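Work through these exercises on side-chain contacts with the model open. Try each task before reading its solution.

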Amino acid sequence: MKDAFGAPQSLLVLGGTSEIALATARRLIALRTRRVWLAGRPSPALDAAAAELRGRGADLRTVDFDALDPASHEVALGKVFAEGDIDVVLMAFGVLGDQARDEEEPMAAVRVAQTNYTGAVSAGLVCAGALQAQGHGSLVVLSSVAGERARRADFIYGSSKAGLDAFAQGLGDALQETGVQVMVVRPGFVRTRATAGLPEQPLATGPEEVAEAIVTGLRRRSETVWVPGSLRVVMAALRHVPRPLFRRLPV
């Protein structure tokens, strides 16, 4: 449950090495979040993230989690909820893929879809069921503006995020009146390791800006968060541009 200051006391991160997720965890720990779980594949990066957050005062635990193994999700995540209530679940795993390669190698494209969509559907439903059983909590789903409209430059990644976004919105509707909140976060281009070397897009942000928006959205119990906020207007306009013209735009 939230403490007297309105901050969540516990956090589960799916995608425990995500730069956005770790920036969010740092902010929440500073706001009195104490029990933190990092879920991800075992790696030195996961160990380093755990050590850093422990140094900030968190009671930090890790759990093995593989988005590409949905059959294991119920058992893996069930271990976390068996240890006590979770106030916030942050679903932050995903891959960008390589559009040019993925068009030539269909199985690589399938891996993007399975990670970003199929894995998220499985993990999202497992966590939603656990949150509903405990009667409270927030599920934060890291989507993307890329899911708003397919672009030639990244339609494989964008389509996976479009599916994720639609799933999360529907899940939020299904959980109305249960005490569980679903918040969809739609950042634009974010400067991270995953985007290093890619041409920077207009209205680019960093992990800290996205983390700040997530924390603010949780406090306000928002259903949708755009990062930066101006993207809401931009995408509303782009959504209605005729396709022949949209193909020519440098987006």
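**Exercise 1. Which contact do the side chains of D102 and R101 make, and are the two residues buried or partly exposed?**

Step 1. D102 and R101 meet in a salt bridge, 2.8 Å from N to O. The term requires a side-chain nitrogen of Lys or Arg within 4 Å of a carboxyl oxygen of Asp or Glu.

Step 2. D102 has a relative accessible area of 3%, so D102 is buried. R101, at 38%, is partly exposed. The cut-offs: buried is under 20% relative accessible area, exposed is over 50%, and partly exposed lies in between (1.4 Å probe, protein chains only).

Before going on, note the ground rules. The model is predicted: local features need pLDDT of at least 70, side-chain atom pairs count only at pLDDT 80 or more, and totals for chains, interfaces and linings use all residues. Residues are numbered from 1 along each chain as its sequence is written, and side-chain values use heavy atoms, with hydrogens and water left out.

**Exercise 2. Find the salt-bridge partners of E208 in helix α1.**

Step 1. Start with R26. Its side chain meets that of E208 in a salt bridge of 3.9 Å, N to O. E208 sits in helix α7 (residues 207–220) and R26 in helix α1 (residues 19–30), 182 residues apart. Helices here are DSSP runs (H or I, at least four residues) and strands are too (E, at least two), numbered from the N terminus.

Step 2. Go on to R27. The closest N and O atoms of E208 and R27 are 3.5 Å apart. E208 is in α7 and R27 in α1, so this pair ties together parts 181 residues apart in sequence.

Step 3. Check accessibility. E208 is partly exposed at 38%, as are R26 at 24% and R27 at 29%.

Step 4. Widen the view. A network of salt bridges links R26, R27, E52, R56 and E208. The model's salt-bridge count is 15.

**Exercise 3. How many aromatic pairs are there? Classify what you find.**

Step 1. The count is 1 aromatic pair. Rings of Phe, Tyr and Trp (its six-membered ring) pair if their centres lie within 6.5 Å; planes under 30 degrees apart are stacked, over 60 edge-to-face, the rest tilted.

Step 2. The ring centres of F65 and F93 are 5.5 Å apart and the planes stand at 50°, so the pair is tilted.

Step 3. F65 lies in the loop between β3 (59–64) and α3 (73–82), and F93 in the loop between β4 (88–91) and α4 (99–104), so the pair ties together parts 28 residues apart in sequence.

Step 4. F65 is buried at 6%. F93 is buried at 12%.
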